[in-house]
Amino acid sequence: MTDHDHPAGRRAVCRRRRCAALIAAGVLLPLPALAGCSDDAREASVAASQDIAPAPRGELKNGGTLRWAVDAMPGTLNAFQSDADATTARIAGAVLPSMFTIDASGRPQRNEDFLDAADVSTRDPKQVVTYKINPKARWSDGRAITAADFVAQWTALRGKDNAYWTARNAGYDRIGKVEQGADAHEVKVTFARPYADWRSLFTPLYPKSVMGSANAFNDGAREQLKVGAGPFLVQERDAKEGRVLLVRNPRWWGAPAKLKRIVLQSLPGDKRAAALAEGSVDVAAVDQVAAKRVASARRAGGSGSPRTAAEGHAGPQGNGERAGARTDAKAAAENAVLRGYTIRKALEPAYTQLALNGSSGPLADDRVRRAVARALDRQALADTVLKPLDLPSKPLGSHLLMAGQYGYADHSDALGDQDAGAAKALLADAGWKSGGADHQQAGQKAGAPAPDGRPDEDGDERSDGRYAGDRYGDGSAEDLPDGDSDDRNPARAGRGHAGAPGRGDRPAAAEAPLSFTGAVGSEVQQSALLRQSASFYKQAAASEKAEADGDTTSAAYAKYKRYKKRAAQALGAAELIETGQAPQLPGSGGHPGARHAAVERAADAAAAPQPAGDKASRVAAVKKNGKPLTLRFVVPDGAGSEQLRTVGRRIASMLGKIGVQTSLQRVSDASYFQDHIAGGDYDLALYSWPGTAYPATDARPIYAKPQPAPDGSLTVEQNYTRVGTDHIDQLFDQAASELDEGAAHTLVAQADARIWAAAGSIPLYQRPELVATKKSLANVGAFGFATPRFQDIGYQK
């Protein structure tokens, strides 16, 4: 029996796909704020979690088409099947009933278009929830939405009939019965077990024609939805063209949709910058590179002329001038189009974590996990990703609630703040002890990286933590030395002080090939890394100039000239990246993958360990029984994962300071999640989890204690760190059954503190959400937690 044949297997497949979509970065119960969380602070946090250009409906035009880029064509239109994805959810939100929607602070709100009321009408002896359906609500075939649709959905999703290929039944399996109340518009749901997250149920609601039989559920709603009940309907799903067309619902009883149609167009992330430049999409989630390209175009428009790759460089004559003119004209045309967009940015309701695989090896010891966690400077990691975007960069302090969410509180003190001394003590207590400082090996070539700073035989990068970026704060340009190396004091240039190589200590960057000229597609940190590389070249040039002592025929003077030129080239490349006009890689044919690879090589060269002089020492690797503590750090190798790899390098540097070695292993995006994360083939890894309005339900599988299966394997649900405790499970179970919101909040907070203490996963930062939208659009962009109101999206008059 395959995964797809078995219900439990299908759920696992669904979860893997849901998580994999968040790599390159679950919905929670409304909980009262903890004491000490002021309304002003919460409002400021919420403001940072949404950017949609809000506008009253009266200010919007009636009509128009919105072209919205999505990651892929939906594998199914049934949101309860294993291959449902984010596009499935977006379509369902536009065309199907939602009993409760989520607001910007992550709290469920009754949807007045569908419900006149919904409350817990009885608590004893059984919990009963009574829904009163809006009498105007009806399906697009003219039939009223009634209790029969609720009954059919509960029957399909309760988990009692394996003929239904369902991906999830949480909550529905707690219901004892669903029945009609006083009339067909009243529904009474009686729970066999109390369920705090009852608001999560019946959203989306499918018609009984879909839920009423296993065949209809399994196959009928995969490629089409003949009947809907939202402001829009699915008119066409064109797999060949990779698009889904939504049109206004003529039977919609609520505020009519402003747009006439919405086209959801499948468009991979690496093609979105080009699509924006040609104006072929109106809304698209983008990476930092595309966002910078839009900003650069707007700056160019303000200055009166676009900056091109030809600026600042002596170009060829004759035909080259004509080619340059054509390049200028193309750049000007693209900039003119891009000036019609703006970037909406917010903190996404999802967080990136460092996962520690506790199933075996050194990390099975909680003392080692806690040591790793306490070596991390989470603030520096958050700054690396979020500061360049001018987004709040405070590290996330909860596994279960996002910073902009109602009731959020920081429970990281259950683990403890960054403390290298405490981390080393934990390692020593676990038997991993340092044997003293490791000095630079005799005979090592000056200027070459340390042995564990080079790729090993398997192609992994080994780190002892001496990354250049770590000595320069967060690796930003402001932290780097500047000025003209020609004017530096030769005596100072000869010193071996930290961060400035002496005459006998050539920086590794000075010996590395220049491979940064294809920095299109890089991220914010890459320009800083190039500036850092330029700084090293400057210092090397100053050292060689001092050694030449005015002799222009000497080898030292030739090196001085070469290093000075490379410094200028590195600075020029950094400036081109920052203005979105980086040149194409020679010989790459403009292929994005080639440019990404070149940028990665430059980043690795700039961030490689730098010798600090003959007398300098580094932290020795901790050992047990003569074997050093080395952890395999798996990272994805795709072009869209540079940011994760940058964060990974910084983490490796931090761990090196407590004597923990890391072996950075890049693996393909296709195999990263399923083969390595879900398969448990890693020690350390970076991946993301979505936030949710219902943590007691949605987060429990992520932190549930793995259980042995009858065949001897381990059932981990979604807990890919394999770290869990019975107490954490009990707290989730109690929170899911607690109908008092204050008490439920306390239980969720206690569970979060226990998860921190177990140190299986360490939240680092909320992911940035960047969305390019046409400047004339309103009520669309970076939604954050909030459920989109599709009927209110439109073009300004």
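This tour proceeds from the whole chain to one helix and then to two groups of paired strands.

The model is predicted, so local features require pLDDT of at least 70 and side-chain atom pairs count only at pLDDT 80 or more, while totals for chains, interfaces and linings use all residues. Residues are numbered from 1 along each chain as its sequence is written, and side-chain values use heavy atoms, with hydrogens and water left out.

**The whole chain**

Begin with the entire protein chain, whose secondary structure comes to 24 helices and 26 strands. Helices (H or I, at least four residues) and strands (E, at least two) are DSSP runs numbered from the N terminus. Of the 797 residues, 55% count as buried; buried means under 20% relative accessible area, with a 1.4 Å probe and protein chains only. The accessible surface comes to about 32,500 Å², and carbon and sulfur atoms account for 48% of that surface. Such areas come from the Shrake-Rupley method with a 1.4 Å probe; for residues, only the protein chains shown count as cover.

**Helix 3**

Next, select residues 86-95, which form helix 3, and highlight its buried residues Thr-87, Thr-88, Ile-91, Ala-92, Ala-94 and Val-95. These residues lie on the same side of helix 3 because they cover an arc of only 165 degrees around the axis, the arc being that of the directions from the helix axis to the C-beta atoms. Now add residues 65-70, 232-238, 243-248 and 261-266: these are strands 1, 8, 9 and 10, which are among the elements covering the buried residues of helix 3. Contact here means heavy atoms within 4.5 Å.

At the start of the helix, display Asp-85: one of its side-chain oxygens reaches to within 3.1 Å of the backbone nitrogen of Thr-87.

**Strand 12 and its partners**

Move to residues 341-356, strand 12, where 14 of 16 residues are buried. Strand 24 (residues 761-774) pairs with strand 12 in the antiparallel sense over 12 bridges; two strands pair if DSSP finds at least two bridges between them. Within this pairing, Arg-344 stands opposite Val-771 of strand 24. Strand 21 (residues 684-690) also pairs with strand 12, antiparallel and over seven bridges. There, Ala-350 has Pro-690 as its bridge partner.

**A three-stranded sheet**

Finally, select strands 13, 17 and 18, which form an open sheet in the order 13-17-18 with antiparallel pairing. Strand 13 (433-434) and strand 18 (627-628) are the edge strands, each pairing on one side only. Two bridges join strand 13 to strand 17 (residues 622-624), and Lys-433 has Lys-623 of strand 17 as its bridge partner.

Terms used. Buried < 20%, exposed > 50% of the residue type's maximum accessible area, 1.4 Å probe, protein only. Polar contact = N/O pair within 3.5 Å; in protein donor to acceptor, adjacent residues only side chain to side chain.
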